Amino acid sequence: MAKKKARVFLKNCDNYAQSYCFNKGFIIVPKMVTGGYKIWYEIYGKGKFYDNGAIFSESEVYQAIWDLYSKILEYDENRKC
């Protein structure tokens, strides 16, 4: 019998922050590496790994992407002041 996958519940899914990042031109994707996933983000052809190349598990990677959307929005809002 097949194993049932555990459900992953995401918190703080800020759709406004996500659409802000899409409209600004950010590309955020999970990259598979040995031992898990790293999150790669880029804008205008320049990119880097999120959180100094931290490795996330399969259950954590999508929450980390949502956190990155929120972090980008907060950073840009604080720069405007």
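## Exercise 1. The sheet

Task: Work out how the strands pair, and in what order.

Solution. Four bridges join S2 to S3, and these two strands run antiparallel. Strands here are DSSP runs of E with at least two residues, helices are runs of H or I with at least four, and both are numbered from the N terminus. Two strands pair if DSSP finds at least two bridges between them. This is a predicted model, in which local features need pLDDT of at least 70 and side-chain atom pairs count only at pLDDT 80 or more, while totals for chains, interfaces and linings use all residues. Residues are numbered from 1 along each chain as its sequence is written, and side-chain values use heavy atoms, with hydrogens and water left out.

Step 1. Find a partner across S2 and S3. Tyrosine 41 has lysine 48, in S3, as its bridge partner.

Step 2. Turn to S1 and S2. They pair in the antiparallel sense, over seven bridges. Methionine 32 stands opposite tyrosine 37 in S2.

Step 3. Look at the turn. The hairpin of S1 and S2 has two residues between the strands, and glycine 35 takes a positive phi near 95° there.

Step 4. Assemble. The order is S1-S2-S3, in an open sheet of three strands with antiparallel pairing. S1 and strand S3 (46-49) are the edge strands, since each pairs on one side only. Neighbouring strands of this sheet are turned by 25° against each other on average, direction ignored.

## Exercise 2. The whole chain

Task: State which elements the chain has and in what order they run.

Solution. Step 1. Count: there are two helices and three strands.

Step 2. Read from the N terminus: the elements run α-β-β-β-α.

Step 3. Take the dimensions. Along the principal axes, the C-alpha atoms fill a box of roughly 55 × 25 × 20 Å.

Step 4. Check burial. Of the 81 residues of the chain, 31% count as buried. Buried means under 20% relative accessible area, exposed means over 50%, and partly exposed lies in between (1.4 Å probe, protein chains only).

Step 5. Check contacts, meaning heavy atoms within 4.5 Å. Among contacts with a separation of 6 or more, 41% come from residues 24 or more positions apart.

## Exercise 3. Helix H2

Task: Test whether the end-to-end distance of H2 agrees or disagrees with its residue count, then place the helix.

Solution. Step 1. Compute the expected span: 1.5 Å times one less than the number of residues. For the 20 residues of helix H2 (residues 61-80), that gives 28 Å. The end C-alpha atoms are 29 Å apart, which agrees.

Step 2. Place the helix. H2 lies across S1 and S2, running at about 150° to S1. Axes are lines fitted to C-alpha atoms, for helices over the stretch in contact, and angles run from 0 to 180 degrees between N-to-C directions.

Step 3. List what the helix packs on. Its buried residues pack against helix H1 (15-24), strand S1 (27-33) and strand S2 (36-43). Among these buried residues are Trp66, Leu68, Tyr69 and Ile72.

Step 4. Inspect one position. Serine 70 is found in helix H2. At 19% relative accessibility, it counts as buried. Leaving aside neighbours within four places in sequence, serine 70 is in contact with Asn12, Asp14 and Ala17.

## Exercise 4. Charges and cysteines

Task: Find which side chains meet in a salt bridge, and explain why the sulfur of cysteine 13 is not bonded to that of cysteine 21.

Solution. Step 1. Apply the rule: a side-chain nitrogen of Lys or Arg within 4 Å of a carboxyl oxygen of Asp or Glu. The count comes to one salt bridge.

Step 2. Name the pair. Lysine 24 and aspartate 76 meet through their side chains at 2.5 Å, N to O. Lysine 24 lies in helix H1 and aspartate 76 in helix H2, so the pair ties together parts that are 52 residues apart in sequence.

Step 3. Compare exposure. Lysine 24 is partly exposed, at 29% relative accessible area. Aspartate 76 is buried, at 8%. Leaving aside neighbours within four places in sequence, aspartate 76 is in contact with Tyr20 and Lys24.

Step 4. Check the cysteines. A disulfide needs a pair of cysteine sulfur atoms within 2.5 Å. The sulfur of cysteine 13 is 14 Å from the closest cysteine sulfur, in cysteine 21, and so too far for a bond. The structure holds zero disulfides.

Step 5. Add burial. Cysteine 13 is partly exposed at 35% relative accessibility, whereas cysteine 21 is buried at 0%.
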